[in-house]
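This report sets out selected features of a single protein chain for a reader who has the sequence and the coordinates at hand. Its topics are accessibility, backbone geometry, one helix contact and one pocket.

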Amino acid sequence: MDTIKIIQGDITKASVDAIVNAANSQMLGGGGVDGAIHRAAGPDLLEACKKIKPKMEGIRCPVGEARITPAGNLTAKYVIHAVGPRYSFDKNPENLLASAYQNSLDLAVSHGCVSIAFPAISCGVYGYPLQNAAKIAVSVCKRPEYKALIIYFYLFSQEIAAIWMDEMDNTKNIQKDRL
Ligand code: AR6
């Protein structure tokens, strides 16, 4: 039985083992949900990010990958920093968005997390079309290897929460049709 819950609200308030941040490759903070998470977590989070060794000049986390750090003042144990694609800039944004979700979930599992909260990665300044992003996010989270996790989506607006709910309903119906 997979557990995926949709919440309309601020992800910094999530009571989970791991909060996923929609970060950029430098991992030194930014606007949107990244800014909110750093503000709520306090300066220890930035210090933890700086300790991640860059793969190349300034790039701590390439697009489509994820890195894990302690969570500073947040109640979560970890922040998982996932870098989604810039929709109109990166090639193969679908694969990159799916792998950002997959790598985050894999880190949560390998660190013994039971629960994880995601924002809508790439759906703000990175410009990913919401319906397409919802389809990818829900389908990766429903993979059997993540069945043991309790997965929350914290979605900031009513509009985006409704799109995610529709996608959850669609996939339920698809599964029923196949029975
Ligand atoms: N809780 C939940 N969702 C939020 C919150 C919050 N507190 N604040 C914003 N959102 P974005 P991206 C939603 O732009 O598109 C940053 O500067 C927001 O409404 O935060 O992946 C990074 O440093 C939207 O639906 O992330 C990167 O440079 C979603 O979170 C870049 O933005 C994601 O929007 C990453 O862009």
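In what follows, a residue is called buried when its relative accessible area is under 20%, exposed when that area is over 50%, and partly exposed in between. The model is a predicted one.

**Accessibility of selected loop and strand residues**

His111 illustrates the intermediate class: its relative accessibility is 34%, so it counts as partly exposed. The residue belongs to the loop that runs between α3 (93-110) and β5. Leaving aside residues up to four places away in sequence, His111 touches Ile68 and Tyr78. Its C-alpha atom lies 9.5 Å from that of Ala18, although 93 residues separate the two in sequence.

Asp17 is placed in the loop between β1 (3-8) and β2. With a relative accessibility of 14%, Asp17 counts as buried because the value is under 20%. Its contacts, again without residues up to four places away in sequence, are Ala76, Lys77, Tyr78, Cys113, Val114 and Ser115. Tyr78 is thus touched by Asp17 and also by His111.

Ala66 is part of strand β3 and counts as buried, at 9% relative accessibility. Residues up to four places away in sequence set aside, Ala66 touches Cys61, Ile80, His81, Ala82, Asn103, Ser104 and Leu107. Leu105 stands 39 residues from Ala66 in sequence, and the two C-alpha atoms are 9.3 Å apart in space.

Two further loop residues count as exposed. Ala148, in the loop between α4 and β6, has a relative accessibility of 73% and is therefore exposed. Met56, in the loop between α2 and β3 (66-70), has a relative accessible area of 51% and is likewise exposed.

The C-alpha separations for these residues are collected below.

| Residue pair | Separation in sequence | C-alpha to C-alpha distance |
|---|---|---|
| His111 and Ala18 | 93 residues | 9.5 Å |
| Ala66 and Leu105 | 39 residues | 9.3 Å |
| Ala148 and His111 | 37 residues | 13 Å |
| Met56 and Arg86 | 30 residues | 19 Å |

**Positive phi angles outside glycine**

Which residues other than glycine have a positive phi? Met27 is one of them, with a phi of about 60 degrees, and Ser122 is another, with a phi near 75 degrees. Met27 is found in the loop between β2 (18-22) and α1, while Ser122 is in the loop between β5 (115-118) and α4 (130-141). Both residues are buried: the relative accessible area of Met27 is 1%, and the relative accessibility of Ser122 is 5%.

**The contact of α1 with α2**

Helix α1 (residues 32-41) and helix α2 (residues 43-50) have axes that come within 5 Å of each other and cross at roughly 115 degrees. The crossing angle therefore makes α1 roughly perpendicular to α2. On the α1 side the contact is made by Ile37, His38 and Ala41, and on the α2 side by Pro43, Leu45, Leu46 and Cys49. In terms of chemical character, six of the residues in this contact are nonpolar, one is polar and none is charged.

**The largest pocket**

What is the volume of the largest pocket? The value is about 590 Å³. Its lining comprises 25 residues, and those nearest the centre of the pocket are Ala22, Gly32, Val33, Ala120 and Gly124. Helix α1 supplies the largest share of this lining, with four residues. Both α1 and β6 (150-155) contribute at least two residues each. By chemical character, the lining of the pocket divides into 15 nonpolar, eight polar and two charged residues.

Helix α1 accordingly appears in two of the descriptions above: α1 takes part in the contact with α2, and α1 provides four residues to the lining of the largest pocket.

Notes. Residues numbered from 1 in each chain as written. Predicted model: local features only at pLDDT ≥ 70, side-chain atom pairs only at ≥ 80, totals over all residues. Heavy atoms only, no water. Axes fitted to C-alpha atoms, helices over the stretch in contact; angles between N-to-C directions. Parallel < 35°, antiparallel > 145°, perpendicular 65-115°, else oblique. Contact = heavy atoms within 4.5 Å. Nonpolar A, V, L, I, M, F, W, Y, C, P; charged D, E, K, R; others polar. 1 Å grid on protein atoms, 1.4 Å probe; cavity = no way out; pocket = protein on both sides within 12 Å on 5 of 7 lines; lining within 4 Å. Points joined across faces, edges and corners; volume = space filled by probe spheres on them. Buried < 20%, exposed > 50% of the residue type's maximum accessible area, 1.4 Å probe, protein only.
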